[in-house]
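Trainee: I would like to go through this model and ask what stands behind each word used to describe it. Could we take the terms in turn?

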Amino acid sequence: MTALVEAIDLKKTYMLGKVPVEAVRGVNMKVEAGDFVSILGPSGSGKSTMLNLIGALDKPTSGKLLIDGVDISKLNDNQLTDLRRRIGFVFQFFNLIPRLTALGNVELAMSIADVGKSERKQRAAKLLETVGLKDRINHKPAELSGGQQQRVAIARALANNPKFLLLDEPTGNIDSKTAAEVVGLLKKLNVENHVSIIMVTHDQNLAREANRTLEMFDGLLMSEGVNQQ
Amino acid sequence: MKTYDILGYSFSAIKLRKLRAALTTLGVIIGIAAIVALLSITQGLQVSITNDLNRGLSANTLIVVPGSNALGAVGGGGGSLGGGRAARTTGTSSINFGGTGAASSGFALYDNYTSQIDVLSPLINSSIAVVERGGYVDADGLNNPATFYGVDFSQYASQYPTTFVAASGTIPVNPTNNEIVVGTRVVDPRENGTILFSAGSNVGIVWTNATTLQIVNETYTAQVSGVLQKVGGFGFGGPSDNGVYIPMSQAQSFFGTTQCDYIIVQVKDSSNATISSVSKLITDHFDGQVTVISSTAVLSLLSTIFGTIQLFLGGIAAISLLVAGIGIMNIMIVSLIERTREIGILKALGMKSRTVLSIFLGESAIIGLIGALLGILSGWILANITARLLGSGAFGGTGFKVTPLLTPEVFIGSLAFGIGISVIFALYPAWRASKLKPVEALRYE
């Protein structure tokens, strides 16, 4: 069976001015469908670069990164854009469009994927209900708490039935109580809705909430472990 | 992403920064309003003058003026089209030819040349010599500008049987030297019913003689034998509402000349073949030292002049729109910088580069569309206000009736120009936005 995400000797080198920086130095990993995997590492370990690569936001320098069996290094910009529509991004700072309502933000992801107006309105409302924001659909981000904004971001990430959710420090900008609620929601989505999740974090406690943790350091994958729930 | 979604997203971005968008749009409004106002006024003016001219023109009338290129010298030293006092008094003005152009060529026309012209071709009906000068009519101490025409009354009446007709008094067949016939506007200069004098009155004829070393006002008292019926339009050689008709011999004696300024030739029909054949015969007869002007040539020249004026004025107004375009570009670049992160989010969500490009171009197109529509409306209002002021004489003179004309070409052209300029100037920022790399855009603080 094809892995959802598979990295084979994956390398990424950036140019910092004239100095090459090896952010990822040969990572091998696999994420299967239905997994809830966390990538843990301190600042500068290469985990954000891994997130960008898995999210098809960037291309590897060498090695292979297969997403659903397709090597992203062989895709052009348009194909990468199409692929991104099937990946659900959740950012640390929510990255919602401030002038749009919660419903508008979720709808936006679907309008980008050419979903018709009435269908996306219905689906967006349902997704917001799923993440517990049924009563807040017409509120703009500034009128929502951090936790609520992150829920909107999760609903938006789920808008186009993605192959997996890709989360970047999803609780990094919210209080611990709200963070627990968000983690609960993610687990529920993984268990009940079989949504595959890849979460990048530097928080060990949060990483342990996933089924599996991949630990990175200095651009390399140092360890891989199954978490006891 | 569907077109209406792109436009909807663009509009939401404009709505977010209302004041900025309003100020940017104002630039387009001013530019388009200037174009529309200037063009609709000049087009209205062209139509008004052309209509007046058409009313005054007889298609079967030719004007012979001295000089080999009198029509080409319009506005210059030769013939002047509606120049001088004709432009000041307006509405019922005449067209003046000859004058200094004749003197500079060394060739002059004399009234007995009409007998030579009459026998040139069986296509010629008749010809009549005219002496023309500008001066004043003194009625009870009030000096009003007028154009004096020295003509043979009976010949002139037979050449213009429908327009050289007295509404009051009579047109004397054998006038005495001090008898004159005047146009309606001479007795009622403001056309408001204030009649300064009537048939039978005595008035002073004042002509500023600048041909002598000392400039002097020549005067004599004339008796008004008849007041013409309203002619309307320009008197292209023919009767004019602003004209004072003096017997030829008196005109030549009073103006101190033995020459005439032009000869009006009436031909049998107005076909191009007749006009050109008679024109050639007359020109050849005078060894190319005269210019024969037909109504079609005048209209064609007028059209060329107005075309040039419109191009010039439109060009000046278009510069203000270019400034507005630079404003749009500036605002779009600022917007691009402010929204770098947003573009990163959109790209992370799977938005294609060309959709990002379309969103930015959509914003500028909306600004251009709103600006152009409001600009056309403002320009039209401005043109009408200007026309009213012109009509009321607020810019001097007795007023000039002009009806602004907004043609479909100007409307569509302005709309397209407003949107086009906005979109063209947004191309660079839009292109830069579309080329942003999602990773870098998301990292932008």
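**Terms and their grounds**

Mentor: Start with a contact between two helices: Gly146(A), Gly147(A), Gln150(A), Arg151(A) and Ile154(A) of α5(A) meet Thr178(A), Glu181(A), Val182(A) and Leu185(A) of α6(A). Sorted by class, this contact has three nonpolar, four polar and two charged residues. The model is a predicted one.

Trainee: What makes Gly146(A) count among the polar residues here?

Mentor: The classes are fixed by residue type, and Gly is put with the polar ones. Gly146(A) is part of the contact, so by that rule Gly146(A) is counted as polar.

Trainee: Why are α5(A) and α6(A) called roughly parallel to each other?

Mentor: The axes of α5 (residues 146-158) and α6 (residues 176-192) of chain A cross at roughly 20 degrees and come within 9 Å. Angles under 35 degrees count as roughly parallel. The angle meets that cut-off, and therefore α5(A) and α6(A) are roughly parallel.

Trainee: Is the crossing of α5(A) past α6(A) left-handed or right-handed?

Mentor: The crossing of α5(A) past α6(A) is right-handed.

Trainee: How do you know that α3(A) and α5(A) are roughly parallel?

Mentor: By the same kind of step. The axes of α3(A) and α5(A) cross at roughly 25 degrees and come within 8 Å. With 35 degrees as the upper limit, α3(A) and α5(A) are therefore roughly parallel to each other. α3(A) passes α5(A) in a right-handed crossing.

Trainee: Which residues make the contact between α3(A) and α5(A)?

Mentor: On α3(A) they are Ala102(A), Asn105(A), Val106(A) and Ala109(A), and on α5(A) they are Val152(A), Ala155(A) and Arg156(A). By class, the contact of α3(A) with α5(A) divides into five nonpolar, one polar and one charged.

Trainee: What makes α12(B) and α13(B) roughly antiparallel?

Mentor: In chain B, α12 (residues 353-392) and α13 (residues 408-434) pack at about 150 degrees, their axes 7 Å apart. Angles over 145 degrees count as roughly antiparallel, and α12(B) and α13(B) therefore get that description. The contact of α12(B) with α13(B) has 19 nonpolar, nine polar and one charged residues. The crossing of α12(B) and α13(B) is right-handed.

Trainee: Now the sheets. Why are β6 and β10 of chain A said to stand at the edges?

Mentor: The sheet is open, with six strands in the order β6-β7-β8-β3-β9-β10 (chain A) and mixed pairing. β6 (87-90) and β10 (220-226) of chain A each have a single partner strand, so one side of each lacks a neighbour in the sheet. From one strand to the next, the twist averages 20 degrees.

Trainee: How do you know that β6(A) is paired with β7(A)?

Mentor: Pairing needs at least two bridges. Four bridges join β6(A) to β7 (residues 164-168) of chain A, and the two run parallel, so the condition is met. Val90(A), for instance, has Leu167(A) as its bridge partner in β7(A).

Trainee: What makes β4(A) and β5(A) a pair?

Mentor: β4 (residues 62-67) of chain A and β5(A) share two bridges in the antiparallel sense. At least two are needed, so β4(A) and β5(A) qualify. In β5(A), Val70(A) is the bridge partner of Ile67(A). Both strands belong to an open sheet of four strands, ordered β2-β1-β4-β5 (chain A), with antiparallel pairing. Its edges are β2 (19-31) and β5 (70-71) of chain A, each with a single partner strand.

Trainee: Why is Gly141(B) called exposed?

Mentor: Gly141(B) has 6 other C-beta atoms within 10 Å. A residue with 12 or fewer is exposed, so Gly141(B) falls in that class. Gly141(B) lies in the loop between β3 (124-139) and β4 (142-151) of chain B. Across the whole of chain B, 47% of the 445 residues count as buried.

Trainee: Which element gives the most to the side of chain A that touches chain B?

Mentor: In total, 19 residues of chain A are in contact with 15 residues of chain B. α2(A) gives the most to that side of chain A, with five residues. By class, that side has six nonpolar, six polar and seven charged residues.

Terms used: Residues numbered from 1 in each chain as written. Chains lettered and ligands numbered in written order. Predicted model: local features only at pLDDT ≥ 70, side-chain atom pairs only at ≥ 80, totals over all residues. Axes fitted to C-alpha atoms, helices over the stretch in contact; angles between N-to-C directions. Parallel < 35°, antiparallel > 145°, perpendicular 65-115°, else oblique. Left-handed = near helix turned anticlockwise from the far one by under 90°. Contact = placed C-beta atoms within 7 Å. Buried ≥ 20, exposed ≤ 12 C-beta atoms within 10 Å, placed from the backbone.
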